[in-house]
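Me: I would like to go through a few features of this model and learn how to read them. Please take them one at a time.

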Amino acid sequence: MVENLERLIESASRAPRASRAALFRELLRSETYLLTVDDPLPQGEVRKVAHAQASFPVWADRDAELGGVWVPVFPARDRVRDFVAARGLRAPRDKEFLWMGHAPGQVFGLLRGVRRFAGIRLHLDARVSTDLSWTEVFALSEGRLPDEAPELYELPVEKLTIPAGVRLSFGRLKGWPGEDEPRLMFMPEAGRIRAEDARRLVRLPLGEGWAWTPCRHFLQILRRLRILGSDGSDRFPERMLAAQIEFRMYGEAEALCDWALARGRENFAWLGLSVVYGRTKRYEECAQLCGLGAAKYPGERAFHANGLRALIALGRREEAARRLDGALKIFPEDEWLRALSREWSSQAAPR
């Protein structure tokens, strides 16, 4: 089974756009391994983590451009050892590198709790690896095979103005149902495109038709246009965050919020994080953050609404009812809040 998984990882690395159905099926029935950095264990003892909210010091690689983290996942224990040796890694003082094994399918749900989690990197050696995005990991965490068709998104901003003189290049993509001959557009000045980036695409209006570009490259274009000054740099973080959330690039969005928080933009950062926590089902963190946000910025409706949704998901009905009453005092005409209040009132009425 290990040999089959390794063969499928190598195949996906060599042909990033090819079907991954066989790889996904094998991942759901194979043991996998992580690299952790922790206190040394007594001889023969194995540390196990069993649920997504558990905290454990997993090794992850930070994306230097977008800030999300990619967690290496290995098909065998020997691959973990080779990874440490190939990179010449040294554990911090009084710590030790440990491999952590997981039963088939278990690792995907665990890693969704990692801060800034963008996806996993199935790793064989320094030359052979392949990435699985957050959306693919999410599907696997629920025991589902991810969709084979590319992830397709509409333009996440009002418009994209490309200044005159900027060089654009065009190519062709392999078609999919409903799109026989899709055009690929990219801006060489913005950055390079990897073959596997074409698994997630955004549609760009272009004259009387449209073209597609990888979502990651779209973010590179936004950054480049900010440098050129054509899009209004004062709105760049908001546009970038909106695009990342729309593309379900939640690890990258979380990293951008952390960046903004470090620069004193607390309100913007907290609002973004409240959305990220809710979308990634980190409800405890969402409820706590929204409680702080609603108290400090009571006029921001999103803190009240996102906090309520998180508390409802957690089953904390009494606390949610108190927050709902407080939100209605600030937003008495809000239709969603009023509908929720009526629903709960009817459920509490004597029968």
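Me: How many disulfides does a search of the whole structure find?

Reply: A disulfide is a covalent bond between the sulfur atoms of two cysteines. In this predicted model, the search of the whole structure gives 0 disulfides.

Me: How far is the sulfur of cysteine 215 from the closest cysteine sulfur?

Reply: That closest sulfur belongs to cysteine 257 and lies 18 Å away, which is too far for a bond. Cysteine 215 has 1% relative accessibility and therefore counts as buried.

Me: Which cysteine sulfur is nearest to that of cysteine 290?

Reply: The sulfur of cysteine 286 is the nearest, at 4.0 Å, and cysteine 290 is in no disulfide. The cut-off for a disulfide is 2.5 Å between the sulfur atoms. Cysteine 290 is buried, with a relative accessible area of 0%.

Me: Both cysteines 286 and 290 are listed in H10 where H10 meets H9. At what angle do the axes of H9 and H10 cross?

Reply: The axes of H9 (residues 266–279) and H10 (residues 283–296) cross at roughly 150° and come within 9 Å. The two helices are therefore roughly antiparallel to each other, and their crossing is left-handed. Residues of H9 in the contact include Trp270, Leu273 and Tyr277, and those of H10 include Leu289 and Leu292. The contact residues divide into 8 nonpolar, 3 polar and 3 charged.

Me: How many of the residues of H5 are buried?

Reply: In H5 (residues 134–141), 7 of the 8 residues are buried, so the helix is largely enclosed by the rest of the structure. Among the buried ones are Trp134, Glu136 and Phe138. Just after H5, glycine 143 has a positive phi of about 75°.

Definitions and conventions:
Residues are numbered from 1 along each chain as its sequence is written. This is a predicted model: local features need pLDDT of at least 70, side-chain atom pairs count only at pLDDT 80 or more; totals for chains, interfaces and linings use all residues. Side-chain values use heavy atoms; hydrogens and water are left out. Axes are lines fitted to C-alpha atoms, for helices over the stretch in contact, and angles run from 0 to 180 degrees between N-to-C directions. Helices (H or I, at least four residues) and strands (E, at least two) are DSSP runs, numbered from the N terminus. Angles under 35 degrees count as roughly parallel, over 145 as roughly antiparallel, 65 to 115 as roughly perpendicular and the rest as oblique. A crossing is left-handed if the near helix is turned anticlockwise from the far one by less than a right angle, and right-handed if clockwise. Contact means heavy atoms within 4.5 Å. Ala, Val, Leu, Ile, Met, Phe, Trp, Tyr, Cys and Pro count as nonpolar, Asp, Glu, Lys and Arg as charged, and the others, Gly among them, as polar. Buried means under 20% relative accessible area, exposed over 50%, partly exposed in between (1.4 Å probe, protein chains only).
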